[in-house]
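Here is my note on the model you sent round. Please read it with the structure open beside you.

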Amino acid sequence: MKDIPQLNILIVDDDTRSTDRLTMALKKMNLSVNAVRSGTKALAMFKDKPVDILITDIHMPEMNGLDLSRQVLDSYPDTQIIMMSVHMNVKTVVDAMKIGASDFLQKPVDAKILYDSIVSSITKWQMRNELRIAYDNLESEKELLAVTMRSIGDGVIATDLDGRITMINRVAEELTGWQARSAIGHDLTDVFYIINEKTRQLCDNPVQKVLETGHIIGLANHTALIAKDGSEKSIADSAAPIRTSTHKIIGIVLVFRDVTLEKVVNEELSKTKKLESVGMLAGGIAHDFNNILTSILGNINLAKIILDPSNEIYEYLESAEESSRRASKLTKKLLTFSKGGEPIRIPRNIYELVRESSDFILSGSNINCRIDRSPDLWTAEVDKDQISQVFHNLILNACQSMPEGGTIHIVCENYLKKNMKQDSVPLKEGDYVRVVVSDEGVGIHPEHMEKIFDPYFSTKQKGGGLGLAVSHSIIKKHFGLIACESIPARGSTFTLYLPATRVSETPKRVPQDIKGQGKIMIMDDEQVVREIARRMLEKSGYSVVQAEDGQAALNIYKKAMKNKNPIDLVIMDLTIPGGMGGIETIKKLLKIDSKARAIVSSGYANDPVMASYHQYGFVGILDKPYLKAKLLQVVSEALEQKTD
Ligand SMILES: Nc1ncnc2c1ncn2[C@@H]1O[C@H](COP(=O)(O)OP(=O)(O)OP(=O)(O)O)[C@@H](O)[C@H]1O
Ligand SMILES: [Mg+2]
């Protein structure tokens, strides 16, 4: 008796004598018993405190025991019901059982029999309760597992020992393109189709590998998952056996994640680092070389101006000038590499630049070129010379990849990067102009793919291997991106992204044969540079004064102002060894005369000052070495600004 929990028992019977007798007997047996005389009162008792065991007579005047039981079980399904009746027939018993009564007793009920029936009901009640708790626990564990699986950021697939899928989570559904309802029951290799990215060979089935070793296995590097729609993603993953508490393997579980973006970003980073270190070296050499070239090219240029073109020497000078110009181009290429090289950016119509480059390279060749563009193509702020150099390199490479001729297809379009999830292009969110250059050439061997942007990597007999390295460096400095895809013997596609500005293009200046007037001061520590500029300017009608450093320039400027013969424009060298250079001089000059106009000139084309010359107070820039036409154009533009 002491094993019986203290349950709440209610007897319902309109026969008071029978009720009293049973109540007393049960109380003596240490059970907690209440009694009422009608169904309505019984229901009211339930409201106060639920009853565990209901013992009810069937035949009662107001509400019979069957109806009462029905109502009780509707609201309190865990209640155990014992029914009693004087009139026992098969129908009544069947009805009582149908409702869910656990026992049926003939009246008058013997107290001992009732007690046994109660004990049996209690046992049933206990079993049912335990079952319900176990079921609830199972349900909440199932729910927890489902929520955990859904929330895991990695793809998870479980299989049985035959490799058939038993579970697949949401991320795995997204990555494989298979919905759980169609994937479950399928062979893993149908859904999780993995190949080696480099060799394109099918990878081993992870289920077999796990079953063979019995251990956790990681997948080899360069594994790509081919989704149901054929799209490809780089993945990293592992597979592990699922074991029971007795260590028996009953299946395997695969965990994998998309590393496409991570991989692209890392590759991009190492490419940039490699180029930066080479760039520093190249930049150092190129600076010095550029200064020497300024003098060579300037002198040749002047000599040509003096000489009659019919003179025999003229031809030699022309070829010397041409070689110097090529040397200058090479130093420019190297300079664009070097650290800190800032492009001078102006909003440009990229389509125009592409077209100019392709016209230039492809004229007279056996290559067709189709250029498409979005009608509303955005502009991009670019350094025209540098970006043209990129297009030049790409188109030239495409051309060289098709020695038998073919078609180059170029598309210029707008590209809106919304978020990192959109695609695997590692760019910040924003507007871009995208240029895609595709050829039908020899393509690039997969093993060469990693090296094509390295300086001096070339597969061509006469290739310098600088084209793509320089292009990469230029695009980086424009906060853009360049990427390549290629299929050997089918062709290559280079895609580049440049941040778009959505502002209108700066109108083009028509270069003029300028005959100018005005007084110009040249400030440069190198006498030869001053001389060349003086001669070029004087020939075009300007009057020229010279200063060898900033201090001398300021003195001359002040004196000229005082004598009412002011200087209209100063051309300042950016760096004067041992003297006052351009930045300090312009500061002081603007204090003397807030309307003073100055152009900054430098062989250090990649100096940041050259890119943001306006901020320092200059009205123009002049790259060294320069030819007469360029000098005159920059000077006349600067003087025009004065009258604005
Ligand atoms: N469109 C292309 N088709 C096939 N291979 C290409 C293409 N573009 C580049 N390559 C490969 O990349 C290598 C490097 O190109 P890059 O332009 O840097 O140098 P290069 O063309 O060899 O020499 P340079 O441009 O300095 O004259 C090439 O030698 C070639 O193997
Ligand atoms: Mg090239």
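The points below go from the whole chain down to single residues.

1. **Ground rules.** This is a predicted model, in which local features need pLDDT of at least 70, side-chain atom pairs count only at pLDDT 80 or more, and totals for chains, interfaces and linings use all residues. Residues are numbered from 1 along each chain as its sequence is written, while chains are lettered from A and ligands numbered from 1 in the order in which they are written.

2. **Domains.** The chain is assigned five pieces: domain 1 (8–132), domain 2 (152–258), domain 3 (264–336), domain 4 (346–499) and domain 5 (519–643). Such bounds come from an automatic or database domain assignment. Between the C-alpha centres of domain 1 and domain 4 the distance is 88 Å.

3. **A helix pair.** Start with helix α3 (residues 65–75) and helix α4 (residues 90–99). Helices here are DSSP runs of H or I with at least four residues, strands are runs of E with at least two, and both are numbered from the N terminus. The axes of α3 and α4 are 10 Å apart, and the packing angle is about 10°. Axes are lines fitted to C-alpha atoms, for helices over the stretch in contact, and angles run from 0 to 180 degrees between N-to-C directions. That angle makes α3 roughly parallel to α4 (angles under 35 degrees count as roughly parallel, over 145 as roughly antiparallel, 65 to 115 as roughly perpendicular and the rest as oblique).

4. **Who touches whom.** Leu66, Ser69, Arg70 and Leu73 of α3 meet Asp95, Ala96 and Ile99 of α4. Contact means C-beta atoms, placed from the backbone, within 7 Å. Four nonpolar, one polar and two charged residues make up this contact. Ala, Val, Leu, Ile, Met, Phe, Trp, Tyr, Cys and Pro count as nonpolar, Asp, Glu, Lys and Arg as charged, and the others, Gly among them, as polar.

5. **A cis bond.** Which residues does a cis peptide bond join? They are Lys107 and Pro108, with omega about -5°. Look for Pro108 in the loop between β5 (103–106) and α5 (111–151).

6. **Antiparallel strands.** Strand β8 (residues 193–196) pairs with strand β10 (residues 223–226) in the antiparallel sense, over four bridges. Two strands pair if DSSP finds at least two bridges between them. Ile194 has Leu225 of β10 as its bridge partner. β10 also runs antiparallel to strand β11 (residues 232–243), again with four bridges. There, Ile226 is matched with Glu232 in β11. Five residues lie between the strands of this hairpin, and Gly230 takes a positive phi near 90°.

7. **The mixed sheet.** Five strands form an open sheet in the order β14-β16-β17-β19-β18, and the pairing is mixed. β14 (367–373) and β18 (481–487) are the edge strands, each pairing on one side only. From one strand to the next the twist averages 15°. Seven bridges join β18 to strand β19 (residues 491–499) in the antiparallel sense. One partner pair is Cys484 and Phe494 of β19. Helix α12 (residues 350–362) packs on this sheet and touches β14, β16 (406–417), β17 (430–438) and β19. The direction of α12 makes about 175° with that of β14.

8. **The ligand.** How many residues surround ligand 1? There are 23, and the closest are Ser401, Ser458, Gly463, Gly464 and Gly467. A residue counts as near if its C-beta atom, placed from the backbone, lies within 6 Å. Two elements, α13 (384–400) and α14 (467–477), give two or more residues to the shell. By class, the shell has eight nonpolar, 13 polar and two charged residues.

9. **An unusual phi.** Phe479 is not a glycine, yet its phi is positive, about 60°. Phe479 sits in the loop between α14 and β18.

10. **The parallel sheet.** A second open sheet to inspect has five strands in the order β21-β20-β22-β23-β24, with parallel pairing. β21 (543–547) and β24 (620–623) each have a single partner strand, so one side of each is left without a neighbour in the sheet. Strand β23 (residues 598–602) and β24 pair over four bridges. Ile599 stands opposite Gly620 in β24. Helix α16 (residues 550–562) packs on the sheet, touching β20 (519–523), β21 and β22 (569–573). Helix α17 (residues 582–592) packs there too, touching β20, β22 and β23.

Note on methods
Contact = placed C-beta atoms within 7 Å.
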